[in-house]
Amino acid sequence: MDSVVARRDGTLFEEAGGELVAINLDNGAFYGMNAVACSIFKFIDGPRRVAEIRDFLLETYEVDAAVCERQMLAVLEEMLAERLIVRDGGPGTAGPVAP
């Protein structure tokens, strides 16, 4: 949970109707996010430790801690794979978001 993630430069986003659409300007791809993924992406308004994100979600949603952590890590991995966020503050970082 000590990994740090941040929004990647070159990603625009717009929220509409409780959903968020992110645009990766490097490849022109559009990504739709559900309400929880939207909350995560908006919370990453600067570098954030993964533990901070987990704590934010546990305060915001009524969810079991283990379920929250597992699903949050899956969302962060997807955002990392789609190059919407970077891990540990560096471009081109690879590998999973460490629990």
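These are my notebook entries from a first walk through this structure, which is a predicted model.

**Entry 1: the overall plan**

I began with the inventory and found three helices and six strands in the protein. Reading from the N terminus on, I wrote the elements down as β-β-β-β-α-β-α-α-β. I then looked up burial, and 37% of the 99 residues count as buried. My last check here was on contacts between residues at least 6 apart in sequence: 53% of them join residues at least 24 apart.

**Entry 2: the sheet with strand 1**

Next I asked myself in which order the strands of the sheet with strand 1 are arranged. I found an open sheet of three strands in the order 5-1-6, with antiparallel pairing. Strand 5 (48-49) and strand 6 (85-87) are the edge strands, and each of them pairs on one side only.

I took the two pairings in turn. Strand 1, residues 4-7, is joined to strand 5 by two bridges, and these strands run antiparallel. For the first of these residues I noted that Val4 stands opposite Arg49 in strand 5. Val5 has Arg48 of strand 5 as its bridge partner.

Then I turned to strand 6, which is joined to strand 1 by three bridges, again antiparallel. Here I picked out Arg7, whose bridge partner in strand 6 is Ile85.

As a reminder to myself, strands of a sheet pair through backbone hydrogen bonds, either parallel or antiparallel.

I also looked at what lies on this sheet. Helix 3, residues 65-81, lies across strand 1 and strand 6, and runs at about 105 degrees to strand 6.

**Entry 3: the other sheet**

I moved on to strands 2, 3 and 4. They make an open sheet of three strands in the order 2-3-4, and the pairing is antiparallel. Strand 2 (11-16) and strand 4 (29-33) stand at the edges with a single partner strand each, so one side of each has no neighbour in the sheet. On average, neighbouring strands of this sheet are turned by 20 degrees against each other, direction ignored.

I followed strand 3 (residues 19-24) to strand 4 and found five bridges joining the two, which run antiparallel. One pair I wrote down is Asn24 with its bridge partner Ala29 in strand 4.

**Entry 4: helix 1 against helix 2**

How do the axes of helix 1 and helix 2 cross? I read off roughly 130 degrees for helix 1 (residues 35-43) and helix 2 (residues 50-60), whose axes come within 11 Å. The two helices are therefore oblique to each other. Helix 1 passes helix 2 in a right-handed crossing.

I listed the residues that make the contact. Helix 1 brings Val36, Ser39, Ile40 and Phe43, while helix 2 brings Glu52, Ile53, Phe56 and Leu57. Sorted by kind, the residues of this contact are six nonpolar, one polar and one charged.

**Entry 5: helix 1 against helix 3**

I repeated the exercise for helix 3. The axes of helix 1 and helix 3 come within 11 Å and cross at roughly 70 degrees. Angles of 65 to 115 degrees count as roughly perpendicular, and helix 1 and helix 3 are therefore roughly perpendicular to each other. Their crossing is right-handed.

Which residues meet here? In helix 1 I found Ala37, Ile40 and Phe41, and in helix 3 Met72, Val75, Leu76 and Met79. This contact divides into seven nonpolar residues, no polar and no charged ones. I underlined Ile40, since I had listed Ile40 for helix 1 against helix 2 and found Ile40 again in the contact with helix 3.

**Entry 6: a closer look at Ile44**

I finished with one residue, Ile44, which I located in the loop between helix 1 and strand 5. Is Ile44 buried or exposed? Its relative accessibility is 0%, so Ile44 counts as buried.

Then I looked up what Ile44 touches, not counting residues up to four places away in sequence: Val5, Ala6, Arg7, Ile53, Leu76 and Ile85. Some of these names were already in my notes. Among them, Ile53 is in the helix 2 list, Leu76 is in the helix 3 list, and Ile85 is the bridge partner of Arg7.

One distance closes the page. Ile44 and Val4 are 40 residues apart along the chain, and their C-alpha atoms are separated by 9.9 Å.

Notes. Residues are numbered from 1 along each chain as its sequence is written. This is a predicted model: local features need pLDDT of at least 70, side-chain atom pairs count only at pLDDT 80 or more; totals for chains, interfaces and linings use all residues. Side-chain values use heavy atoms; hydrogens and water are left out. Two strands pair if DSSP finds at least two bridges between them. Helices (H or I, at least four residues) and strands (E, at least two) are DSSP runs, numbered from the N terminus. Contact means heavy atoms within 4.5 Å. Axes are lines fitted to C-alpha atoms, for helices over the stretch in contact, and angles run from 0 to 180 degrees between N-to-C directions. Angles under 35 degrees count as roughly parallel, over 145 as roughly antiparallel, 65 to 115 as roughly perpendicular and the rest as oblique. A crossing is left-handed if the near helix is turned anticlockwise from the far one by less than a right angle, and right-handed if clockwise. Ala, Val, Leu, Ile, Met, Phe, Trp, Tyr, Cys and Pro count as nonpolar, Asp, Glu, Lys and Arg as charged, and the others, Gly among them, as polar. Buried means under 20% relative accessible area, exposed over 50%, partly exposed in between (1.4 Å probe, protein chains only).
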